[in-house]
Amino acid sequence: MEVIKLENVSKIYGNKVKVTALNNINLSIEESEFVAIVGPSGSGKTTLLTIMGTLAKPTTGKVYIYGQEVTSLNDDALSKIRNSYIGFVFQNYNLIDRMSAIENVELPLIARNVPRKERREKAMDILNSLGLGDLAYKKPTELSGGQQQRVSIARALVQNPKIILADEPTANLDSKSGETVMKTFLQANRDFKTTVVIITHDQDVATYAKRKVHIKDGTIEKIE
Ligand code: ADP
Ligand code: ADP
């Protein structure tokens, strides 16, 4: 089953001065895959991920999520697609400092009106399954960068997304913490069959993925 499919996707930024960020990308991601998008700075990785995540639309081309063409959908419909299928993980964790780890993990469930008790149980379950139970009542400022990123992965997973999209999740971490973060993605991929797509410019980080898509100047250079 194809989870994400990009068909002849191009993205051009700007009006007067045009920048071709993506040039005719064709790419399919299958269910339960672990894919790394690799390439130098400015090659189009973030643009590609935001289009895969329906946060941005291509200038031309089509995007399918579970077979549904999404470029023609309005913002409400896109937001539903994201809520049903996609969890995001960012470079800077995006945790709320005044809330404990478990409260951060509960946030997506509050947005969905899940009752308080069920929310707490679900958040604790996912923290436990990722080996983060001991950190539940700590604030982000009391956690290492790697721990914060793993909490943000728990927050992405608490809604049982089919897909996790992560933009440079280890960019701000030393290699040891980066390793624990990548192992957490591997675990989600293995235990929950979550499709994982990560962007990285780090070749070592990319080795965790089963498939590597190399992009350069907005085109796919090779897939290995
Ligand atoms: P990467 O994630 O690989 O660093 P990006 O997708 O961020 O690459 O950027 C690809 C190209 O598009 C770069 O030349 C970048 O400067 C340009 N770009 C990205 N976002 C914008 C934007 N909002 N407006 C104009 N140009 C942009
Ligand atoms: P970059 O890698 O260029 O620094 P980020 O990783 O912060 O960018 O974000 C990637 C994309 O996701 C951006 O287009 C940004 O607007 C969007 N984004 C960032 N945070 C959120 C969020 N909490 N919810 C939805 N979209 C977000």
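Me: What makes six residues in the lining of the largest cavity nonpolar, two polar and one charged?
Reply: The class follows from residue type: Ala, Val, Leu, Ile, Met, Phe, Trp, Tyr, Cys and Pro count as nonpolar, Asp, Glu, Lys and Arg as charged, and the others, Gly among them, as polar. The lining of this predicted model's largest cavity is I51, T54, A56, K57, P58, V63, V70, T71 and L78. I51, A56, P58, V63, V70 and L78 are therefore nonpolar, T54 and T71 polar, and K57 charged. This is a predicted model, in which local features need pLDDT of at least 70 and side-chain atom pairs count only at pLDDT 80 or more, while totals for chains, interfaces and linings use all residues; side-chain values use heavy atoms, with hydrogens and water left out. Residues are numbered from 1 along each chain as its sequence is written, and chains are lettered from A and ligands numbered from 1 in the order in which they are written.

Me: Why is this space called a cavity, when other spaces are called pockets?
Reply: On a 1 Å grid over the protein atoms alone, a cavity is a set of points where a 1.4 Å probe fits but cannot get out, and a pocket is an open set with protein on both sides within 12 Å along at least five of seven lines; lining residues have an atom within 4 Å of a point. The search of the whole structure found two cavities of 30 Å³ or more. The largest cavity has a volume of about 50 Å³, where volume is the space filled by probe spheres set on grid points joined across faces, edges and corners.

Me: Which elements give two or more residues to the lining of the second largest cavity?
Reply: The second largest cavity holds about 30 Å³, and R82, N83, S84, Y85, I86, G87, A156, Q159 and P161 line it. The elements that give two or more residues are α2 and β6, with helices (H or I, at least four residues) and strands (E, at least two) being DSSP runs numbered from the N terminus. The largest share, four residues, comes from α2. By class, four lining residues are nonpolar, four are polar and one is charged.

Me: Which residues lie nearest the centre of the largest pocket?
Reply: Of the 15 residues that line the largest pocket, N83, I86, F88, P108 and Q159 lie nearest its centre. Two or more lining residues come from each of α2 (75-85), β6 (86-89), α3 (101-111) and α5 (145-157). The space in the largest pocket is about 320 Å³, and its lining has eight nonpolar, four polar and three charged residues. The second largest pocket has about 230 Å³. Its lining has 14 residues, with I126, L157, N160, P161 and F192 nearest the centre, and the largest share, three residues, comes from helix α4 (residues 116-129).

Me: How do you know which residues are around ligand 1?
Reply: A residue counts if one of its heavy atoms lies within 4 Å of the molecule. Those around ligand 1 are Y13, V19, A21, P40, S41, G42, S43, G44, K45, T46 and T47. α1 gives the most to this shell, with three residues.

Me: What makes the pair between T47 and ligand 1 a polar contact?
Reply: A polar contact is a pair of N or O atoms within 3.5 Å (within protein, one must be able to donate a hydrogen and the other to accept it, and residues adjacent in sequence count only if both atoms are side-chain atoms). A polar side-chain atom of T47 lies 2.5 Å from an oxygen atom of ligand 1, so this pair is within the limit. K45 also has a polar side-chain atom 2.9 Å from a ligand 1 oxygen, and a backbone N or O atom of G42 lies 2.7 Å from one. The protein covers 58% of the 560 Å² of accessible area that ligand 1 has on its own, by the Shrake-Rupley method with a 1.4 Å probe.

Me: How do you know that β1 and β2 pair?
Reply: Strands pair if DSSP finds at least two bridges between them. Eight bridges join β1 (residues 2-13) to β2, and the two run antiparallel, so the condition is met. L6 stands opposite L27 in β2.

Me: Why is one side of β2 and of β5 left without a neighbour in the sheet?
Reply: The four strands form an open sheet in the order β2-β1-β4-β5. β2 and β5 (68-69) stand at the edges with a single partner strand each, so one side of each has no neighbour.
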